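Hi,

Here is the structure I promised to pass on. Have a look at it first, and then read my notes below.

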Amino acid sequence: MDIQHISLNMYPIDESETHYAFHTLGNSLYSPHDHDFYEILLVLSGSMNYQLCGKNFVLAEGSLAFMRPGDSHCKISNGSPCQHINVAFPDTVVNALFDFLYDNSKKEVLMSFEYLPIITLSSNDTKMLRQKLEMLNLLPVNRKMLCRMHLRMILLDIISQHYSEYFLDSYSIAARLNLPTWLDELLNSMRNPDTFSYTLEDWAEFSQKTKEYLCRSFRKYLNTTPMQHLNSLHLNYAANLLAHTDIEIIDVAYDSGFQSLSHFYHLFKEEFNSSPSKYRIKCQRKDLSK
């Protein structure tokens with residue numbers, strides 16, 4: 001099937017510099033297409049089949065897709081309603097955001113990948129993003145500049161909160177494109193400090209896998225173990241707390257998910273070749289020297 005090319009000029013773009021639309025996908029069929037602008041799709045409820053760069057996906061509530069210029073994609077109805085929103089941003093707006101947040105080399109690296117991962121937001125993140133998007137319908141229709149500001153703030157939130165790690169780590173996106181969906185969602189949940197107290201048994205139950213299967217999958221896809229991965233996340237979190245807060249070291253250990261202070265000291269020194277107290281002093285000296 002031929003791929004239709006769509007230009008942003010085909011949309012009713014005005015001073016808002018952005019096009020957005022709420023949809024309910026019924027039984028309509030959509031042809032594969034690409035375009036010369038960036039597009040974000042968020043599924044609000046229901047589900048749809050989706051094709052992105054020749055790959056087939058099932059998008060459910062909370063699915064967030066980010067299409068770049070030239071990415072072929074297509075919505076395919078599965079026969080049930082699917083509420084979703086599409087937001088289109090000109091290339092110039094996204095380029096300016098990259099210049100502000102990163103440098104252009106980061107965007108060039110990211111553009112070299114086949115496609116961007118489709119992210120599954122938590123129910124809370126989905127609700128918050130939905131509320132921000134639905135606020136667009138409450139803005140005065142004649143306040144185009146206000147609409148543009150609101151949309152740019154939404155774009156900044158989406159990129160900084162949900163895609164930043166991909167823009168900054170080219171290996172991360174290359175590796176995670178090959179991960180099973182359940183494992184990608186598990187890794188996202190493991191990054192949440194609210195889950196730092198979870199044990200391996202908790203994560204096995206969370207992922208609905210056995211501990212043995214969990215360990216085999218981490219070895220296969222990440223070349224590590226679940227506990228090594230968790231310790232690395234928790235130690236990095238602790239290092240940031242030591243460097244940027246005045247929280248007592250014992251509280252840093254517990255806030256980072258360690259139940260034993262001696263175990264925390266042992267792992268921290270092994271990871272950073274320094275005790276937590278010396279690490280904090282070293283970071284504070286660096287700040288004073290600037």
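Which side chain does Lys132 meet in a salt bridge? The partner is Asp157, with N to O at 2.6 Å. Bear in mind throughout that this is a predicted model, so each number here is computed from it.

That pair is a nice place to start. Lys132 sits in helix H3 and Asp157 in helix H4, so the contact ties together parts that are 25 residues apart in sequence. Both ends are partly exposed: Lys132 has 28% relative accessibility, and Asp157 has a relative accessible area of 22%. Buried would mean under 20%, so neither residue counts as that at 28% and 22%.

The structure holds four salt bridges, and two others are worth a look. Glu201 pairs with Lys211, and their closest N and O atoms are 3.1 Å apart. This one links distant parts of the chain, since Glu201 belongs to helix H7 (residues 200–207) and Lys211 to helix H8 (residues 211–222), 10 residues apart. Here too the two ends are partly exposed, with Glu201 at 42% relative accessible area and Lys211 at 33% relative accessibility. Then there is Asp71 with Arg68, a salt bridge at 3.0 Å, N to O. In this case Asp71 and Arg68 are both buried.

Now for the strands. If you zoom in on E6 (residues 63–67), you'll find five of its five residues buried, so the strand is largely enclosed by the rest of the structure. In a regular strand, side chains alternate between the two faces of the sheet. In E6, Ser63, Ala65 and Met67 point one way, while Leu64 and Phe66 point the other way, and all of them are buried.

What does E6 pair with? Strand E4 (residues 38–52) runs antiparallel to E6 and is joined to it by four bridges; Leu64 in E6 is the bridge partner of Leu42. Strand E9 (residues 119–120) is also antiparallel to E6, with two bridges between them. There, Ser63 has Thr120 of E9 as its bridge partner.

Thr120 turns up again in the largest pocket, which has a volume of about 600 Å³. Its lining is made of 20 residues, and those nearest the centre are Thr120, Asp125, His162, Asn188 and Ser189. The elements giving two or more residues to that lining are E9, helix H3 (123–134), helix H4 (144–168) and helix H6 (181–190). H4 supplies the largest share, six residues. By type, the lining splits into 11 polar, five nonpolar and four charged residues. So E9, H3 and H4, mentioned above for other reasons, are worth having on screen together when you look at this pocket.

One last thing, about cysteines, in case you were wondering how many disulfides there are. The structure holds zero. Cys74 is buried, with a relative accessible area of 4%, and Cys82 is buried too, at 0%.

If you only have a few minutes, I'd start with the lining of the largest pocket, with Thr120 and His162 among the residues nearest its centre, then go to strand E6 and its buried residues, and finish with the Lys132 and Asp157 salt bridge.

Cheers

Technical notes:
Residues are numbered from 1 along each chain as its sequence is written. This is a predicted model: local features need pLDDT of at least 70, side-chain atom pairs count only at pLDDT 80 or more; totals for chains, interfaces and linings use all residues. Side-chain values use heavy atoms; hydrogens and water are left out. A disulfide is a pair of cysteine sulfur atoms within 2.5 Å. Buried means under 20% relative accessible area, exposed over 50%, partly exposed in between (1.4 Å probe, protein chains only). Two strands pair if DSSP finds at least two bridges between them. On a 1 Å grid over the protein atoms alone, a cavity is a set of points where a 1.4 Å probe fits but cannot get out, and a pocket is an open set with protein on both sides within 12 Å along at least five of seven lines; lining residues have an atom within 4 Å of a point. Grid points are joined across faces, edges and corners, and a volume is the space filled by probe spheres set on the points. Ala, Val, Leu, Ile, Met, Phe, Trp, Tyr, Cys and Pro count as nonpolar, Asp, Glu, Lys and Arg as charged, and the others, Gly among them, as polar.
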